[in-house]
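Student: Please put the model on screen. I want to question you about its helices.

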Amino acid sequence: MKKFIAIIMALSLVLALTACGGGSSVTPAGNPAGDTSGPVASPTEPAVVSGNVKNVAMVCSGSLGDNGIFDMGAEALRQAEADFGIEYEVLEGKNDPSLYYDLLLKGAQGFGMVIVNPGYQFESYLEEIADEYPDTYFFYPDGICPVEKDNIYSISYREHEGSYVAGVMAGMMTTRVGFPGINDQKTLGFVGAVDTPTIQNFLKAFEQGAKSVDADIEVKSLIVGDHNDPAKGKELALTLFDQGCDIVYQAASGSGNGVTEAARERGLYTIGCDTDKSPLAPDNVMGSMLKNVTKSFYDAIGIFAKGGTMEKVQYEGLAMGWTGMYFAPDFQAKMPEDVLDAMTQAEEGIMSGAIAPIDAKS
Amino acid sequence: MSFSQISFLQTLFGPEVFAAALRVMIPLLLAALGGLLTKQAGIENIGLEGLMLIGCFSGFVVNYYTSNWIAGLIGGAVFTTLAALLFGVFVISLRAHEIVAGVAVNMLGLGVTTYLLRAIFGVKGSFTDPRIRGIPTLELGFLENVPVVGVIFSRQSIMVWIGLALVIAIHFLLYHARFGYYIRAAGENPQALSTSGISLPRTRYITVLIHGVLCGLGGAYLSTGYLTQYVENMSAGRGFIAMAAIAFGGAKPMRVFFSAILFAFVESLSNRLQLVEVPSYFALMIPYVVTVIVLAVTSWREKQKSKTSTL
């Protein structure tokens, strides 16, 4: 008898499961609520009737307070609120992937424009949700979204343009005689987070920029293999300094803070990346190659708030101010005039098309 | 031998590699010395990682408020010892399973430091401040011009010397001091210890406290000596590598020291392999491959040993 009941129970379970699965759209494993009602039901109120975007959501994989892409994105939203009169909300994913689907759904249901930040964390969810909300514009930084939909727009940065200028600067400085800390070897260093096309984009153009100053300059590069291990970042930078490098360019996220410390310890130089790294070591950070997330988000929101549209893949650099070299005022005062001039020339050359930095991403 | 081959070997095996290995070794070594003590006393602690992280954080916080590196080291040691005491209470007095308690220490370490980083400094991820005073290096001017040795030893952190001294001290403690005999008896034959009138819990508690101090020093060195910043989860698996070093060294101080330096050397070597055109993914894999091989050899050796002893 017990066995019979068990079989009946098992059968009913199986039936119930197949009944549930058949009618609804696919629900990802990461969605704990198993919410299938949202996308299927006809939306009573479309968020936007096409045309001007009135409200924007930024869906983050992590939380605000990172001094990085999330805070920079939020700053763009604040500026856009003041300048374009849009409303906005930041939906924080708290590094918990089980929240991402629901947050993206919330954004898609209530907002005319949704920025997923960073894009690659949301690829699979975008694939499902974007079709269900054709009137919502989705923005995918940083890179080119592998999911092709009419309403997904990619934001990509020309890191190679800013990196070329950084290379020109480093090349002129390392061949200089008499600048404190600069040795007579024509060797530069590079520390990258992980070996990806984006990191190669930083490296190759940096190397090209340096060699445009003097073809004998050698760039030694090391990869940390981790975005957040500053101890290893420091160790790699010390290794490069031991090898005769006097300037190390870093594109290594959190691990890069270790590179900055190594430069401070040895009294040598580093070039930061993404954000201004000079507060950590004002005398040792020559400058930083900014990836201006704030400007790029602000530009994208501005276009759509005014009822315009942009390219499916907006790929910008120096011309739009999305990437470029930044100096802390203290260090800029120390930089020789001819180096600054050469950098300005390189920038103009890139913008006019006379100089073509190597693009390792495409 | 051609010129390029010579420079290749210099890149890989120059004296700078050994200097780097010493720096990298210290956090591993200190945690491993702590862990080998409790292992000798019959407690396997897999919570070294969590204790180190607490040491990183508390050492950093005390250093921040006092702007004094010695106070920072002491602070790191004190708070980590408190956490180790908690582990001891669960394992020794309440007889919790040591592996479960060790896992709990690891989770507690990550959770409490992440929470407090936000509560105290209002930031997430990482924090640094000019108020932090790094542990100074010991400049040995007379060694400066000695080839090879000068590069390796003349400009190391004070903690490197303290660490090397501690290896000898712990070796002496375990094999030449009365309390060391108690510790080993607590591990090998607890009944014998009790019947000779020595309190087993007391011996184990004191061992756990010493191990807390060592883990705390290792952690504080990481955040205020090696680096002068705190980064979430910055122990980054070093506590587990320390466990591998203990296993490979058979929980004997000198052997553990040599395995720690082996791991550190392989790590510095793998950093340099990238400079001689070895693909980064391959070079970065090497320390882990070596760890796996070493552990496999260890367990094979132990198996052989137990076979011969049963015969």
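The questions below go through helix lengths, helix packing and one residue.

Tutor: This is a predicted model, where local features need pLDDT of at least 70, side-chain atom pairs count only at pLDDT 80 or more, and totals for chains, interfaces and linings use all residues. Residues are numbered from 1 along each chain as written, chains are lettered from A and ligands numbered from 1 in written order, and side-chain values use heavy atoms, without hydrogens and water.

Student: How far apart are the end C-alpha atoms of helix H7 of chain A?
Tutor: Helices are DSSP runs (H or I, at least four residues), numbered from the N terminus. The expected span is 1.5 Å times one less than the number of residues. For the 17 residues of H7(A), 197-213, that gives 24 Å. The end C-alpha atoms agree with this, at 25 Å apart.

Student: How many residues of H6(A) are buried?
Tutor: H6(A) covers residues 159-174 of chain A. Buried means under 20% relative accessible area, with a 1.4 Å probe and protein chains only. H6(A) is largely enclosed by the rest of the structure, because the buried count is 16 of the 16 residues.

Student: Are H8(A) and H9(A) roughly parallel or oblique to each other?
Tutor: H8(A) is residues 230-242 and H9(A) is residues 256-266; they pack at about 45 degrees with axes 7 Å apart. Axes are lines fitted to C-alpha atoms over the stretch in contact, and angles run from 0 to 180 degrees between N-to-C directions. Under 35 degrees counts as roughly parallel, over 145 as roughly antiparallel, 65 to 115 as roughly perpendicular, the rest as oblique. H8(A) and H9(A) are therefore oblique.

Student: How many charged residues does the contact of H2(B) with H7(B) have?
Tutor: H2(B), residues 15-40, and H7(B), residues 158-176, pack at about 20 degrees with axes 9 Å apart. Residues in contact (heavy atoms within 4.5 Å) include Leu22(B) and Met25(B) in H2(B), and Met159(B) and Val160(B) in H7(B). By class, this contact has 17 nonpolar and two polar residues, and the number of charged ones is none. Asp, Glu, Lys and Arg count as charged, Ala, Val, Leu, Ile, Met, Phe, Trp, Tyr, Cys and Pro as nonpolar, and the others, Gly among them, as polar.

Student: Which residues does Asn271(B) touch, not counting residues up to four places away in sequence?
Tutor: Asn271(B) lies in H12(B), residues 253-273. Asn271(B) is buried, with a relative accessible area of 0%. Outside that sequence window, Asn271(B) touches Leu222(A), Lys232(A), Glu235(A) and Leu236(A).

Key:
Helix = DSSP H or I, 4+ residues; strand = E, 2+ residues; numbered from the N terminus. Buried < 20%, exposed > 50% of the residue type's maximum accessible area, 1.4 Å probe, protein only.
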